[in-house]
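Got the model open in your viewer? Here is a short tour, stop by stop, with something to select at each one.

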Amino acid sequence: MVNQMSEGPDFDAIQEKRNGELYDMLKHRQVKRLQQTLEDMKEFDVAEFLTELGEEDSNKMAVVFRLLSKERAAEVFANLEAPEQEAIINSITDVELAGIIEEMYVDDAVDMMEELPANVVKRVMRNATPETRNLINQYLKFPDNSAGSIMTAEFVDLKKYMNVRESFARIRRIGEDKETIYVCYVTARDRTLEGVVTVKDLLLADDDDIIENIMDRDVIFATTTEDQEEVSEKFSDYDLLAIPVVDKENRLVGIVTVDDVIDVMEQEATEDIEKMAGTLPSDKPYSRTSAVEIWKLRIPWLMFLMLSATFTSMIINSFEDALNAQTVLIGFIPMLMGTGGNSGSQASTAVIRSLSLGDIEPSDVLAVIWKELRTAFLCGITLAAINFVKMLLVDARLMGNDDVTVIVAATVSLSIIGIVLFAKVVGSTLPIVAEKLGVDPAVMANPLISTITDTVSLLIYFCMATSLLHI
């Protein structure tokens, strides 16, 4: 008997069907039904639907957005991209805008300010309350990509002299507007961070237990100026849901939650991929970046790589006489250069990833080089042996190329060993050097390493050829 597994529901298909139903409600002016459906949906899904509407007609998007309650509107607004946020801001009144700003978490409001045009930001700040305006300005002063720039001020703080019953009463009283209530922070009178306690700890304790006796004093924290990538590493290392952010005097000023860290991880990964591909990082998604903007991001590296190819041409020209004497050598140049580039890219990708995860440090450079040398030797010997057999069987016999002799095959194969050794060492060393100098290791990725290995690969090849073939 053949067991057949029934396929489960397709989540994308369900969402597409629901959006179709929303379009029908809008088309047939079923306002109450549309409003109720939007209120029952996840805020991200509502934001996605509004974005689709905005692509067709920004006025329709604004009309549907106005159907949302004030609290719901703020949650959905935070999930929209900057162009949709700008369109909605331009279509609502100052009173509506003020309501949205006050309902938004501060970190979401700060993110919005950093993306919107200056004239829109001025209107937003003009309609914010003085307290909110001061808080946003304070966050905007923190360095870009720092813990202070992504933290939120909405957290639950407790005192160590409180008991569990009093703590729950405080959580119920102030927790509604906090970004998380699961993790609570214990602070002194001067806001100095003293400990951390979770709701799980409180639930498992007796009502009369004192917070000081159940809190964890060994708190994992971040500082306001700490790089956001280092903060994300702490989340990964310690399996955190939130991390407190303190100033230089150890006073609690905010927290970073796991949803913010996920955004940071996505942003950092995207930047690394763009740099490794030979393009400047962009703060916009590809679908929202114009051809001219993409040209500006890509052309610097393309120009550099094109001009750096001059060294390759110079090397080939300097060995022109040798190539004329053994023209068969020319056909193997692309293969050798490709092998060198690929070998270097493998090593650099592995090292860059290890550096970003904290698996290795710049002080481990000698250990990394020794490991890559052994790996390169094994890879080089394997590739050289396969290439030697391939040249004698395929190039010489099957293709009938009499110029491919044993000594020519040996020359190319030995060159492969030298090229792979060099490429692996360079590919693993340059990212570590960059990290030591305070430069993003991803800059030392595929394009730059390929350029270096291409040039040196030709030198190794031609030097090997002149030595063994006496040309």
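Before clicking on anything, a quick check for disulfides: a search of the whole structure turns up zero of them. Keep in mind that this is a predicted model. If you want to look at cysteines anyway, select C379, which is partly exposed with a relative accessible area of 30%. Then try C463, also in the partly exposed class, because its relative accessibility of 41% falls between the 20% and 50% cut-offs.

**Stop one: the cores**

Select L38, L50, F65, F77, I89, V124 and V256. Within the largest nonpolar core, which has 55 residues, these are the members that touch the most other members. In soluble globular proteins, nonpolar side chains tend to be buried together.

Now zoom in on I89. Which residues is I89 in contact with, leaving aside its neighbours within four places in sequence? Show F77, L97, M112, L116, V120, R123 and V124, and you have the set. Apart from the largest core lies another one, of 24 residues; to find it, pick F319, V420, L458 and Y461, which are among its members.

**Stop two: helix α7**

L97, one of the contacts of I89, takes you straight to helix α7, residues 94-103. Colour L97, A98, G99, I100 and I101 there: these residues of α7 are buried. What covers them? Turn on α4 (58-65), α5 (70-78), α6 (82-89), α9 (118-127) and α10 (130-140), which are included in the cover over the buried residues of α7.

**Stop three: the second largest pocket**

Next, go to the second largest pocket, which holds about 550 Å³ of space. Its lining has 22 residues, and the ones closest to the centre are E229, E233, L355, E435 and P441, so select those to centre your view. For the elements around the pocket, show α15 (228-238), α16 (258-276) and α19 (333-357), the ones that give two or more residues to the lining. The largest share comes from α16, with four residues. Colour the lining by residue class and you should get eleven charged, seven nonpolar and four polar residues.

**Stop four: two positive phi angles**

Most residues other than glycine have a negative phi, and most peptide bonds are trans. Two places here go the other way on phi. Select R191, in the loop between β2 (183-187) and β3 (193-198). The phi of R191 is positive, near 70 degrees, and the residue is partly exposed at 40% relative accessible area.

Then move to D239, in the loop between α15 and β5 (242-246). D239 has a positive phi as well, near 55 degrees. Is D239 buried or exposed? At a relative accessible area of 67%, D239 counts as exposed, because that value is over 50%.

**Stop five: two alanines and a glycine**

Start with A222 in strand β4, residues 222-223. A222 is buried, with a relative accessible area of 0%. Leaving aside neighbours within four places in sequence, the contacts of A222 are A147, V231, K234, I243, P244, V245 and V246. Put a distance label between the C-alpha atoms of A222 and I243: these two are 21 residues apart along the chain, and the label should read 7.0 Å.

A205 comes next, in the loop between α13 (199-204) and α14 (211-214). Although A205 sits in a loop, A205 is classed as buried because its relative accessible area, 15%, is under 20%. With neighbours within four places in sequence left out, A205 is in contact with V164 and I214. From A205 to V164 is 41 residues along the chain, with 7.3 Å between their C-alpha atoms.

Finish at G418, in helix α21, residues 406-436. How exposed is G418 in terms of relative accessibility? The value is 22%, so G418 counts as partly exposed, the cut-off for buried being under 20%. One last label: join the C-alpha atoms of G418 and F377, which are 41 residues apart along the chain and separated by 8.8 Å.

Methods
Residues numbered from 1 in each chain as written. Predicted model: local features only at pLDDT ≥ 70, side-chain atom pairs only at ≥ 80, totals over all residues. Heavy atoms only, no water. 1 Å grid on protein atoms, 1.4 Å probe; cavity = no way out; pocket = protein on both sides within 12 Å on 5 of 7 lines; lining within 4 Å. Points joined across faces, edges and corners; volume = space filled by probe spheres on them. Nonpolar A, V, L, I, M, F, W, Y, C, P; charged D, E, K, R; others polar. Disulfide = S-S within 2.5 Å. Buried < 20%, exposed > 50% of the residue type's maximum accessible area, 1.4 Å probe, protein only. Core = buried A, V, L, I, M, F, W, Y, C linked by side-chain atoms within 4.5 Å. Contact = heavy atoms within 4.5 Å.
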